Amino acid sequence: MDNLTLSTDKIRLRALEPEDVALLYRWENDPDVWLISNTIAPYSKYMLTEYVNASLQDLYTAKQLRLMIVSRKNDETVGILDIFEFDPYHLRAGLGIIIEKSYRRQGFAEEAISLAKQYLFNHIHLHQIFCNIMAHNTSSIALFKKAGFQKAGCKKDWIRTPNGFEDEITMQLINTNNPQ
C-alpha cells in the first residue's frame with residue numbers, strides 16, 4: 001500500500017470529486033441502497049453537489065469520510081467506501097461499501113476493505129472498526145469475515161423492508177496491534 005495515495009496494484013481510493021455527483025445520484029437514489037443506508041427520501045443533484053463541496057472537511061471534523069474506489073486497470077470508479085460514525089475518543093468507526101453491480105465478485109471490495117483497515121488502524125490509530133449488514137446479505141457477511149471481522153451481535157427485526165422486518169448483523173474488527 002502506498003500510504004499517500006491509498007492504493008494497491010488493483011485499486012486506488014480517492015477523495016470525492018465534483019464529477020462524482022452523477023454516480024452518487026444514481027447510488028443514493030437506488031431503493032436497494034436505501035435499505036442499508038437508512039434513507040427514506042431521494043437526494044437531489046443539488047444536495048449531492050453541496051455534499052461533495054462540503055467533503056473538504058477532514059475525518060475529525062465531519063466524523064465521516066467517503067472514498068471512491070477506482071480500478072487501476074481502466075481508471076473506472078467501481079464503488080465507494082464509507083467511513084462513518086467516527087469516534088475519536090473511543091477510537092472506532094463504522095465501515096460500509098458499495099460496489100457497482102457490474103464490478104462485483106472481482107476482488108474490488110476485498111482490496112478496498114484491506115486498504116481501509118490499514119488506513120484506519122495504522123494512520124488514524126483506531127482500536128476497532130464495525131459494520132452493520134442485513135442478515136440475508138450472506139455475501140457481505142462472508143466478505144467481512146474474510147477480512148477478519150467477527151460477528152458481535154444481532155439486532156432483531158432492525159430493518160423494515162417491503163417484506164417485513166429483518167435482522168441486522170453487527171460485525172467488528174479489533175486492532176490488536178494498537179491496544180490504547
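# Briefing: charged pairs, helix faces and aromatic contacts

The structure holds nine salt bridges. The model is a predicted one, and every value below was computed from its atoms. The points that follow take up the charged pairs, then two of the helices, and then the aromatic rings together with the lysines that lie over them.

**Salt bridge of Arg14 and Asp20**

- Side chains of opposite charge can pair when their charged atoms come close.
- Arg14 and Asp20 are joined through their side chains by a salt bridge, with a distance of 2.8 Å from N to O.
- Buried means under 20% relative accessible area, and because Arg14 has a relative accessible area of 14%, Arg14 is buried.
- Asp20 has a relative accessibility of 3% and therefore also counts as buried.
- Asp20 is placed in the loop between strand 1 (11-15) and helix 1, and, leaving aside residues up to four places away in sequence, Asp20 touches Arg14, Ala15 and Met68.

**Salt bridge of Arg66 and Glu28, and the network around it**

- A salt bridge is also formed by the side chains of Arg66 and Glu28, where N and O are 2.5 Å apart.
- Because Arg66 belongs to strand 2 (residues 65-71) and Glu28 to helix 1 (residues 21-28), this pair ties together parts that are 38 residues apart in sequence.
- Arg66 and Glu28 are both buried.
- A network of salt bridges links Glu28, Arg66 and Asp82.

**Salt bridge of Lys155 and Glu168**

- The side chains of Lys155 and Glu168 meet in a salt bridge with an N to O distance of 2.9 Å.
- Lys155 is found in strand 6 (residues 150-161) and Glu168 in strand 7 (residues 164-174), so the two side chains tie together parts that are 13 residues apart in sequence.
- The two partners fall into separate classes of exposure, since Lys155, at 23% relative accessibility, counts as partly exposed, whereas Glu168, at 9%, counts as buried.

**Helix 6 and its two sides**

- Within helix 6 (residues 138-146), the residues Ile141, Leu143 and Phe144 are buried.
- When helix 6 is viewed down its axis, the buried residues fall within an arc of 160°, so they line one face of the helix.
- Thr138, Lys145 and Lys146 are exposed, on the other side of helix 6.
- The cover over the buried residues of helix 6 includes strand 4 (92-99), helix 5 (108-123), strand 5 (128-134) and strand 7.
- Gly148, which comes just after helix 6, takes a positive phi of about 105°.

**Helix 5**

- Helix 5 has 16 residues, which should span 22 Å at 1.5 Å a residue, and the C-alpha atoms at its ends are 22 Å apart, so the expected and the modelled values agree.
- The buried residues of helix 5 are Phe108, Ala109, Ala112, Ile113, Leu115, Ala116, Tyr119, Leu120 and Phe121.
- His125 follows helix 5 and has a positive phi, near 65°.

**Aromatic pairs**

- A pair of aromatic rings is described by the distance of the centres and the angle of the planes.
- With ring centres required to lie within 6.5 Å, the count comes to four aromatic pairs.
- One of them is the edge-to-face pair of Tyr60 and Phe86, in which the centres are 4.9 Å apart and the planes stand at 90°.
- This pair links distant parts of the chain, given that Tyr60 is in helix 4 (residues 59-62) and Phe86 is in strand 3 (residues 77-87), 26 residues apart.
- Tyr60 counts as partly exposed because its relative accessibility is 42%, while Phe86 is buried, with a relative accessible area of 5%.
- Tyr103 and Phe108 form an aromatic pair that is likewise edge-to-face, at 5.8 Å from centre to centre and with 85° between the planes.
- Tyr103 and Phe108 are both buried.

**Lysines over aromatic rings**

- Lys10 lies over the face of Phe108, at a distance of 4.8 Å from the ring centre, and Phe108 is also a partner of Tyr103 in the edge-to-face pair described above.
- Lys45 lies over the face of Tyr25, at a distance of 5.1 Å from the ring centre.

Technical notes: Residues numbered from 1 in each chain as written. Predicted model: local features only at pLDDT ≥ 70, side-chain atom pairs only at ≥ 80, totals over all residues. Heavy atoms only, no water. Salt bridge = Lys/Arg side-chain N within 4 Å of Asp/Glu carboxyl O. Buried < 20%, exposed > 50% of the residue type's maximum accessible area, 1.4 Å probe, protein only. Helix = DSSP H or I, 4+ residues; strand = E, 2+ residues; numbered from the N terminus. Arc of directions from axis to C-beta. Contact = heavy atoms within 4.5 Å. Phe/Tyr/Trp six-rings, centres within 6.5 Å; stacked < 30°, edge-to-face > 60°. Lys NZ or Arg CZ within 6 Å of the ring centre and 35° of its normal. Expected span 1.5 Å × (residues − 1).
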